[in-house]
Amino acid sequence: MSAPEPVLPEPVRPEPVLIARHLTRSLPGDPPATLVADADLAILPGRFTAIVGPSGCGKSSLLYLLGLIDRPTSGQLLLDGRDLAQMSGDDRARIRLEHFGFVFQFHFLLPEFTALENVMLPLRRLGRLSQAQARERAMQMLADVGLGDKWMKPPDRLSGGERQRVAIARALANNPRLVLGDEPTGNLDSVNSARVVDLFRDLAHKQGRAVVCVTHDMGIADLADIRVTMLDGRVVEVREQHPAPSAGTQ
Ligand SMILES: Nc1ncnc2c1ncn2[C@@H]1O[C@H](COP(=O)(O)OP(=O)(O)OP(=O)(O)O)[C@@H](O)[C@H]1O
């Protein structure tokens with residue numbers, strides 16, 4: 001008689017950190033243009049989510065709504081049960097600084113500052129740490145992305161891949177629960193791109209953060225845990241691609 005099949009526990013699905021309900025962004029006009037239409041989405045901690053779809057389908061527009069860079073014309077965006085869509089601009093700016101880290105295709109580092117000073121900026125803006133503590137944390141962030149020995153360099157003395165890693169260190173400085181990337185590897189060669197993707201996957205799988213990236217790169221989309229496909233401003237598919245990772249999600 002063969003042994004009974006072991007009963008494996010169901011993977012635990014974490015509570016979403018951010019929930020979009022009927023999120024819509026239109027621009028006035030005749031007829032009005034709809035950038036994002038009626039998007040329903042749950043963003044999970046510990047998961048790397050890729051948003052894909054053809055050019056112009058609304059991927060960046062959706063990411064900017066999720067990241068409080070833009071405000072929806074209707075719908076809800078819930079963080080800890082609070083609707084961020086209805087909040088004042090000041091409250092949204094504060095929450096963005098505290099809970100969200102953004103990485104764009106272009107690094108947007110300030111050229112007159114060193115790598116270290118660039119990473120310290122959001123820490124100083126949040127104002128929770130002294131100058132010395134902010135410096136120590138920024139050094140740690142740079143070390144975590146492999147740039148501990150380049151802290152004194154201004155952006156124009158770093159390579160493209162290094163600049164993007166400084167931008168990632170800056171995005172992580174305030175220890176955000178959500179890390180959002182808009183084509184963060186779009187300007188990088190394949191080696192640096194793979195390094196950035198590894199970093200992003202670690203942020204989700206080892207640190208339990210919710211990581212969401214817009215990408216055209218199907219290789220990156222294939223590595224994501226969850227693939228969100230958009231078409232004509234709509235989320236048309238949300239697919240889990242891999243077994244749930246066990247670390248950092250409970
Ligand atoms: N401020 C704006 N004013 C007018 N149209 C806009 C504005 N922002 C975006 N759009 C339009 O909204 C649509 C969605 O743009 P969005 O940048 O979100 O698409 P995307 O999928 O990220 O595109 P891509 O892959 O090419 O970056 C596009 O048709 C774009 O031209």
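**Exercise 1. Determine what share of the protein chain is buried, and assess its overall dimensions.**

*Solution.* In this predicted model, buried residues make up 40% of the 250 residues in the protein chain. The next step concerns the radius of gyration. For 250 residues, a compact globule would have a value near 18 Å, and the 19 Å of the protein chain agrees with this. Along the principal axes, the C-alpha trace spans about 70 × 60 × 35 Å. Of the contacts with a separation of 6 or more, 70% are accounted for by residues 24 or more positions apart. In secondary structure, the protein chain has seven helices and ten strands.

**Exercise 2. Identify the residues with the most contacts inside the largest nonpolar core, and list the contacts of Ile51.**

*Solution.* The largest nonpolar core has 67 residues. Those with the most contacts inside this core are Ile51, Val119, Leu142, Ala169 and Val212. Take Ile51 and set aside its neighbours within four places in sequence: the contacts that remain are Lys59, Leu62, Leu63, Val212, Cys213, Val214, Val228 and Met230. Val119 can be placed in helix α3 (residues 115-126), where Ala115, Leu116, Asn118, Val119, Met120 and Leu123 are buried. The buried residues of α3 pack against α4 (131-144) and α5 (160-172). Just after α3, Gly127 takes a positive phi of about 75 degrees.

**Exercise 3. Describe the shell around the ligand by residue, element and class.**

*Solution.* First, list the residues: Leu27, Ala33, Leu35, Gly53, Ser55, Gly56, Cys57, Gly58, Lys59, Ser60 and Ser61 surround the ligand. Second, assign elements: β2 (33-43) and α1 (59-66) are those that give two or more residues to the shell. The largest share, three residues, comes from α1. Third, sort by class: four residues of the shell are nonpolar, six are polar and one is charged. Lys59 of this shell is also among the contacts of Ile51.

**Exercise 4. Give the strand order of the open sheet of four strands, and explain which strands stand at its edges.**

*Solution.* The order is β2-β1-β4-β5, with antiparallel pairing. β2 and β5 (82-83) each have a single partner strand and therefore stand at the edges, with one side of each left without a neighbour in the sheet. At the β5 edge, strand β4 (residues 74-79) and β5 pair in the antiparallel sense over two bridges. The bridge partner of Leu79 is Arg82 in β5.

**Exercise 5. Locate the cis peptide bond at Pro31 and the positive phi values of Leu68 and Asn175, and state whether each of the latter two residues is buried or partly exposed.**

*Solution.* The background is as follows: most residues other than glycine have a negative phi, and most peptide bonds are trans. Begin with the peptide bond. Asp30 and Pro31 are joined by a cis peptide bond, with omega about 0 degrees. Pro31 lies in the loop between β1 (18-27) and β2.

Next, consider Leu68, whose phi is near 65 degrees. Leu68 is found in the loop between α1 and β4. Since 25 other C-beta atoms lie within 10 Å, Leu68 is buried; the threshold is 20 or more.

Finally, the phi of Asn175 is near 60 degrees, again a positive value in a residue other than glycine. Asn175 is placed in the loop between α5 and β7 (178-182). With 14 C-beta neighbours inside 10 Å, Asn175 counts as partly exposed.

Key. Residues numbered from 1 in each chain as written. Predicted model: local features only at pLDDT ≥ 70, side-chain atom pairs only at ≥ 80, totals over all residues. Near = placed C-beta within 6 Å. Nonpolar A, V, L, I, M, F, W, Y, C, P; charged D, E, K, R; others polar. Core = buried A, V, L, I, M, F, W, Y, C linked by C-beta atoms within 7 Å. Buried ≥ 20, exposed ≤ 12 C-beta atoms within 10 Å, placed from the backbone. Contact = placed C-beta atoms within 7 Å. Rg over C-alpha atoms; globule rule 2.2 N^0.38 Å. Pairing = 2+ DSSP bridges.
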